[in-house]
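Please take a moment to look over the sequence and the three-dimensional picture, and keep both at hand while you read. The paragraphs below are meant to be followed with a finger on the structure.

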Protein chains: 2
Amino acid sequence: MLEPNALPTDETLDPQDWEPLRQLGYRMVDDMLAYLENVRARPVWQPAPDQVKTHFNQPVPLDPQTPEEVYDDFLENVLPYPIGNIHPRFWGWVFGTGTAFGALADFLAASMNTNSGDFDHHSAIHVEKQVIDWCKEMLGFPPSASGLLTSGCSVANLIGLAVARNAKCGFDLRREGNQGAPHRMVLYVSQQIHSSIQKSVELLGLGSDSIRYIPTNQNYQIDLDALKMAITKDRKEGLLPFCIVGAAGTVNTGAIDDLEALADICERENLWLHVDGAFGVWAALTPTASHLVKGMDRADSLAFDFHKWMYIPYEIGCVLVRHADLHYKTFSLTPEYLTRADQGRGISGGSDLPWYTDYDFHLSRGFRSLKVWMSLKQHGARKYGRMIQQNIDQARYLAGLIEAAPELMLAAPVPLNVVCFRYTRPDLDDKALDILNKEILVELQETGIAVLSGTTLNGRYVLRAALTNHRSRRADFDLLVSEVIRIGKQLGS
Amino acid sequence: MLEPNALPTDETLDPQDWEPLRQLGYRMVDDMLAYLENVRARPVWQPAPDQVKTHFNQPVPLDPQTPEEVYDDFLENVLPYPIGNIHPRFWGWVFGTGTAFGALADFLAASMNTNSGDFDHHSAIHVEKQVIDWCKEMLGFPPSASGLLTSGCSVANLIGLAVARNAKCGFDLRREGNQGAPHRMVLYVSQQIHSSIQKSVELLGLGSDSIRYIPTNQNYQIDLDALKMAITKDRKEGLLPFCIVGAAGTVNTGAIDDLEALADICERENLWLHVDGAFGVWAALTPTASHLVKGMDRADSLAFDFHKWMYIPYEIGCVLVRHADLHYKTFSLTPEYLTRADQGRGISGGSDLPWYTDYDFHLSRGFRSLKVWMSLKQHGARKYGRMIQQNIDQARYLAGLIEAAPELMLAAPVPLNVVCFRYTRPDLDDKALDILNKEILVELQETGIAVLSGTTLNGRYVLRAALTNHRSRRADFDLLVSEVIRIGKQLGS
């Protein structure tokens, strides 16, 4: 077989000479690793100046630039102005930290540029399958469960709820749509549930009217009595309760619902149990907090992220579904051009592995499993358990510092890795304290000392630190507390 | 401000010594660039052997391995068994090719590990905004349109149809759900439309009963008369027609619907025009095919990929929505912990930029815009136009070879970059030819010469080459044709 030579007219996006790109690649490795190694020395966050913002108002480039010129542009205008979540003192919202090795794995995946949607005779599918198997093993799901790597927990929640909807509606919803529903389907969540649940419910055409937001107890867990009463009431009114969504790690306070109790209720009431475990599921790997997620292994579907508390670079989450056939029935749709080869040979010759498009609404799927596979092999699950435990211990440490400081007040229990607190002064009322704490938050960010976020608990504005950061040290929390007090005094005077 | 030192007890996932990881990074750059430079010398595809498959059946690793050991595992078990889409003679389905520079950009993005969901004072948001602005410019959408980068066209279609559903239903569907629909909402697509449309419609709770699959003309374009009749019939039956989905590049044959005519019908009938332009939209950049997508700029929403015909590594697509407010109203949902800061300062101090979570169902969003931004700057839009034109010219060239070969028969018109053909022999009937062509397809794959896919057109099984490959040369198609004939003769005897 003769390898065709290029005609002078054949163009390509590959470089003619690969050596300069190789040299640029080395520079990128140098720069990125130095960027990560020295992250602690930089401010957590600094706003992009106006000239940088206006830099991004140019018309589409028509003519080429060298890769080096493009990279210089990146170095000047993009790299210096991150949102800051890789910094040791970024504890805002629930962002992940990432690792250098994870980023290199993403480079390998993008170089292979594999589409992991279909076919099972290529390595990416086996890597994804193994990562999903490891998740089942770590989180107590049976080997017969199905699983899917997703862009994150929003999609994992969406998929879990789609399977729940179709499995519990009692008719062929894929064909007929929700219009065919004889009764409104309703689901139950706590008032502390993540907004991605409502987004999913709206997207699925169930309507937010279908969500019963159940109050929480003093630990911000769903109130079980209120939940049971709501189910009974809805049944009496002729509605169709179909699902409870348990939270394993709420965004506001890190609360974990009583999942064992929710599983009992679901069993008794014939409801689907979906657990939104975006970050909280990983408590399962720790010695002191694994009991908090007891019952999670009884969920019908379990959604979680790797890019938060497993410190893997964005984007990657996962959904596990106990009954693989229900998952398959919700999404499988095989067009003519994707039928499996009759012969059992060739790329589309089926074997025993699932095709992930049968479990997904994505048809093209990148190779996001690689960074998890490589990272879990690099560190081992035990190390992840220790890192997660370290964040939990740090949260308790921070809570202790807050309780010891007369100027500060802990605003919620700290079951896991989220600490809500408030700067206080006896001469200021609640409203004035709301304003002062907002100012402290902004000042911490603007000075680049630390990034927290704020939220409202029981009507009061509080500062909030969510610890999903493998770079934080104990002493970072000493600094946080002393700076909050310093800024509070300064602003309050 | 004193920088905290690490306690001996502080653990991290960062290396203690960065130098070995730097060295490993160089090796990865060397290996990946060589892998891409030499891709032509390897078989397009080879199945992973059994011992490789069983390698991926290990329990979760508990203990650490060195990064070098993990990388060796990758080199041995993952890298040699790709699905093949980066190879110059991979023309199966519609897969993208990617580039080395795009993969390096993904490494930069993963190193920064930015979450591009919210806030506008960091560079990733500005990069995404610029990429979306460039898309509007290249594809003729007004600057006032909204846009969003997605994982691919499946999600872009889903978002476009979600906005269409909510905008056209006539009631508050986000709140009430489809149950609230007084009439079944129906939408119109050609029988050649991509399966992601049906997946979206099912996910949205509309039900596949809501899809009217309209026959196509001899060019595989939606039949306009049949379409108009279907709309009239549905209106008479009290249903609510709400949307037409036009195809810009069907998977089977690359057909592009008459988008100008569809836009006229939508205007007259007050319907939403969504265009699924996964790969076909990019014909807009070419001198000879841009007229085929005329009318696309009149769509209400336009969905397309970068990871197919723009040769960007997976995953990246985009949706543009003409009326930004309708897009916003479909997805915006601001929980307490994501409210913009009152002060206009700090990370969550709003300015004039959109927060992409207000236009998306994803809350966490990676930094996928960077690889497009860097690639478009590197090559310039004109070069992309030439590459896309080259694939179109190659498709015509291949069609010419097929028409000149007595053993081969062109099975469909070749308007764009997809060529469907069939090996024939006068002594074999249609059924025997179906079997023979399936065997040819598998043989081409198994020998590693080329990867095509197959499909069924007018009841006949045909071979199908989809050209979204910047590495293909003219001579690769000479080889394809001669090998198909050789294998056909060999198998047929």
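What follows goes from the pairing of the two chains to a strand inside each of them, and then to a loop and a core.

It should be said at the outset that this is a predicted model, and the description is to be read with that in mind. A good place to begin is the way in which chain A and chain B are related. If chain B is turned by 180°, with 0.0 Å of shift along the axis of that rotation, it superposes on chain A with an RMSD of 0.0 Å. That is the relation of a two-fold axis.

The contact between the chains draws 163 residues from chain B and 164 residues from chain A. Sorted by class, the side of chain B that touches chain A is made up of 77 nonpolar, 50 polar and 36 charged residues. One may then ask through which surface the copies meet. Since 100% of the interface residues of chain B are also interface residues in chain A, the copies meet through the same surface.

Now turn to strand E4 of chain B, which covers residues 240-247. Of its 8 residues, 7 are buried, so this strand is largely enclosed by the rest of the structure. To be counted as buried here, a residue needs 20 or more other C-beta atoms within 10 Å of its own. Strand E2 of chain B, residues 185-190, is joined to E4(B) by 4 bridges, and the two run parallel; within this pairing, Val186(B) has Pro241(B) as its bridge partner in E4(B). E4(B) is also joined to strand E5 of chain B, residues 272-276, by 5 bridges, again in the parallel sense, and here Ala247(B) stands opposite Asp276(B). Together with helix H10 of chain B, residues 259-269, the strands E4(B) and E5(B) make a right-handed β-α-β unit.

Chain A can be read in a similar order. Its strand E4, residues 240-247, is mostly covered, with 7 of its 8 residues buried. Strand E2 of chain A, residues 185-190, pairs with E4(A) in the parallel sense over 4 bridges, and Leu187(A) finds its bridge partner in Cys243(A). On to strand E5 of chain A, residues 272-276, there are 5 bridges from E4(A), and these strands run parallel; Val245(A) has His274(A) as its bridge partner there. From E4(A) the chain crosses through helix H10 of chain A, residues 259-269, to E5(A), and this β-α-β crossover is right-handed.

Back in chain B, the loop between E4 and H10 holds Gly249(B). Is this residue buried or exposed? Gly249(B) has 32 C-beta neighbours inside 10 Å, and therefore counts as buried. Although Gly249(B) and Gly280(B) are 31 residues apart in sequence, their C-alpha atoms are 4.3 Å apart in space. Leaving aside neighbours within four places in sequence, the contacts of Gly249(B) include Gly277(B), Ala278(B), Phe279(B) and Leu416(B).

The last stop is the largest nonpolar core, which has 333 residues, and in which Leu302(A) and Leu302(B) touch the most other members. The largest share of this core, 13 residues, comes from helix H12 of chain B, residues 369-404. Not counting residues up to four places away in sequence, Leu302(B) touches several residues, among them Leu139(B), Phe141(B), Val275(B) and Gly277(B). In soluble globular proteins, nonpolar side chains tend to be buried together.

Note on methods. Residues numbered from 1 in each chain as written. Chains lettered and ligands numbered in written order. Predicted model: local features only at pLDDT ≥ 70, side-chain atom pairs only at ≥ 80, totals over all residues. Buried ≥ 20, exposed ≤ 12 C-beta atoms within 10 Å, placed from the backbone. Pairing = 2+ DSSP bridges. Right-handed = clockwise from strand over helix to strand, strands pointing away. Contact = placed C-beta atoms within 7 Å. Nonpolar A, V, L, I, M, F, W, Y, C, P; charged D, E, K, R; others polar. Least-squares fit on C-alpha atoms with pLDDT ≥ 70 in both. Core = buried A, V, L, I, M, F, W, Y, C linked by C-beta atoms within 7 Å.
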